[in-house]
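Reader: Please show me the structure. I will then ask short questions about it.

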Number of protein chains: 2
Amino acid sequence: MKIRSYKGQTRMLVAVDCIIFGFDGNNFKILLAQKSFAPEKDKYSLMGGFIWAEETVEEAAQRILKRLTGLEGVYLDQIHTFSAPGRDPVERTISVAFVALIDIHKYEKQIIHEYNADWFLLQDKPKLIFDHDDMVDTAKKYLRYKAAMHPLLFELLPEKFTLPQLQALYEGLYETSFDKRNFSRKVLSAGILIRLDEKEKESSKKGAYYFTLDKNKYLNPSKDFLNLIPNPEKHVY
Amino acid sequence: MKIRSYKGQTRMLVAVDCIIFGFDGNNFKILLAQKSFAPEKDKYSLMGGFIWAEETVEEAAQRILKRLTGLEGVYLDQIHTFSAPGRDPVERTISVAFVALIDIHKYEKQIIHEYNADWFLLQDKPKLIFDHDDMVDTAKKYLRYKAAMHPLLFELLPEKFTLPQLQALYEGLYETSFDKRNFSRKVLSAGILIRLDEKEKESSKKGAYYFTLDKNKYLNPSKDFLNLIPNPEKHVY
DNA sequence: CCAAAAGTGTTAACCGTACACCCATGC
DNA sequence: GCATGGGTGTACGGTTAACACTTTTGG
């Protein structure tokens, strides 16, 4: 007997939802969409959508990000699949959650209004529909966990950035503050930054040197572990 | 306009697959099932199944483990969702992969033959159907990654175990060997083990003390990070 | 000249690793 | 009594973290 079909099994909708993080220089932000139709009209949700018949969940997430930000090749990590039977009251839907990290300056303008989307401070985002608040919690934990050892937060910064900006980014994620001498020594000893001659002069009289990522070393890291966070057990999970 | 249904979207099957690890005292093993029906007859696969209409993927994984091992409350981590459109040639199926850690001595007997299941040495498992080899690779990486900092490998050992057994377990996972003096100092300083008076005398004349987990401290770890692996960057990812 | 932020060096504590010998027992 | 595996302590080196002053320049 050859099985050519799986009879009697339940088919269901499969969606992806993206927790899109940005950093404005001082605070972590998250991109949320306001639903324009019932039954969730005016409520906020993550950016998401159903997956199509001929694409993977990763492709679906990239497609949705392209549509909402105009951006291709966004940094994406699949983090968890949410499957409670009642999570979408309309119809059973499984959702695969992704963390997306984008440079907030590049995409800010095109998005807002076009899709009813808005950046929110992570700490005062509105309550979201379905289990999207759980997804955001999971994403925050994931990001803290992974960033303690992997250099992925650079995805949130522009091409050129200063050490004080980078430090503010880490301090924002872990809601703590670091000694700047130790921080700069550590991050520079990782050997993935190149100092430019140019200085950023907006936020101080003296000006801070711009740095840029050494793409070779970043993409082929000899040492994937950064350890920028002292005492990770204080902050991670 | 109220939306009461999602029209025009593709419904699909959702499955779970479990990468079930065991440790026989010397080697890591993995539990595989031999398919008894076409079109994959005689080929090996992971333990899995479709999820039902009224359960989460976690519940489905527990249900399948209960059926195949008789065991409830097995240690389970959701690791990744596999969604390539052609991964199951019969019909499009999304699969959520789980790592399961079980005490091989407890469940060995009931399983074998009942479900055409068998333990294989991880290093010489047969080729598996679909993308199950990818799942096993992902699971191995996940386990190395997580075990470097979290005390989860105890799930693979019986109630009572010796330090040499515990060390062999870690050495097996990372395919390396550790200095036993450093290893025992580290693991004991974590404060989650209780030494019993009893000794294990099978594998040596002198006998090795049995230890057991301090459940309180294990379940409410003050310090979740073990750091049993020196130079994690050598071994992890 | 003063305020504000950037940049830089030293020291002490701790952690990680290497390393070697004695112990207990069954044969 | 000897072979086998179990158990233990020390010392060195590297890493981490704590700490304060000088530099630059716009106003």
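Reader: How many helices and strands does chain A have?

Author: This is a predicted model, in which local features need pLDDT of at least 70, side-chain atom pairs count only at pLDDT 80 or more, and totals for chains, interfaces and linings use all residues. Residues are numbered from 1 along each chain as its sequence is written, chains are lettered from A and ligands numbered from 1 in the order in which they are written, and side-chain values use heavy atoms, with hydrogens and water left out. Helices (H or I, at least four residues) and strands (E, at least two) are DSSP runs, numbered from the N terminus. On that basis chain A has seven helices and 10 strands.

Reader: What percentage of the residues in chain A is buried?

Author: Buried means under 20% relative accessible area, exposed over 50%, and partly exposed in between, with a 1.4 Å probe and protein chains only. Chain A holds 237 residues. Their C-alpha atoms fill a box of roughly 70 × 45 × 35 Å along the principal axes. The buried share of chain A is 52%.

Reader: What share of the contacts in chain A with a separation of 6 or more joins residues 24 or more positions apart?

Author: Contact means heavy atoms within 4.5 Å. Count the contacts in chain A with a separation of 6 or more. Residues 24 or more positions apart account for 65%.

Reader: Which rotation superposes chain A on chain B?

Author: Copies are superposed by least squares on the C-alpha atoms of residues with pLDDT of at least 70 in both. The shift along the axis is 0.0 Å, the RMSD is 0.0 Å, and the rotation is 180°. The two copies are thus related as by a two-fold rotation axis. The same surface serves both, since the contact residues of chain A recur in chain B at 100%.

Reader: Which aromatic pair joins helix 3 of chain A to helix 3 of chain B?

Author: Rings of Phe, Tyr and Trp (its six-membered ring) pair if their centres lie within 6.5 Å; planes under 30 degrees apart count as stacked, over 60 as edge-to-face and the rest as tilted. The whole structure has 15 aromatic pairs over all chains. One of them is edge-to-face, at 6.1 Å centre to centre and 75° between the planes. Its two residues lie in helix 3 (residues 132–147) of each chain, so the pair joins two chains: A:Tyr145 and B:Tyr145.

Reader: Is B:Leu68 buried or exposed?

Author: B:Leu68 sits in helix 1 (residues 57–69) of chain B. Beyond its neighbours within four places in sequence, B:Leu68 contacts B:Met47, B:Ile111 and B:Tyr115. Its relative accessibility is 6%, so B:Leu68 counts as buried.

Reader: Which class has 11 residues in the surface near DNA strand C?

Author: A residue is near a strand if one of its heavy atoms lies within 4 Å of it. Ala, Val, Leu, Ile, Met, Phe, Trp, Tyr, Cys and Pro count as nonpolar, Asp, Glu, Lys and Arg as charged, and the others, Gly among them, as polar. Four residues of this surface are nonpolar and six are polar. The class with 11 is charged.

Reader: Which side chain has an N or O atom 2.9 Å from a base oxygen of DNA strand C?

Author: A polar contact with the strand is a pair of N or O atoms within 3.5 Å. The side chains of A:Lys206 and B:Arg181 each place such an atom 3.1 Å from a base nitrogen. For the base oxygen at 2.9 Å, the side chain is that of A:Lys180.

Definitions and conventions: A polar contact is a pair of N or O atoms within 3.5 Å; within protein, one must be able to donate a hydrogen and the other to accept it, and residues adjacent in sequence count only if both atoms are side-chain atoms.
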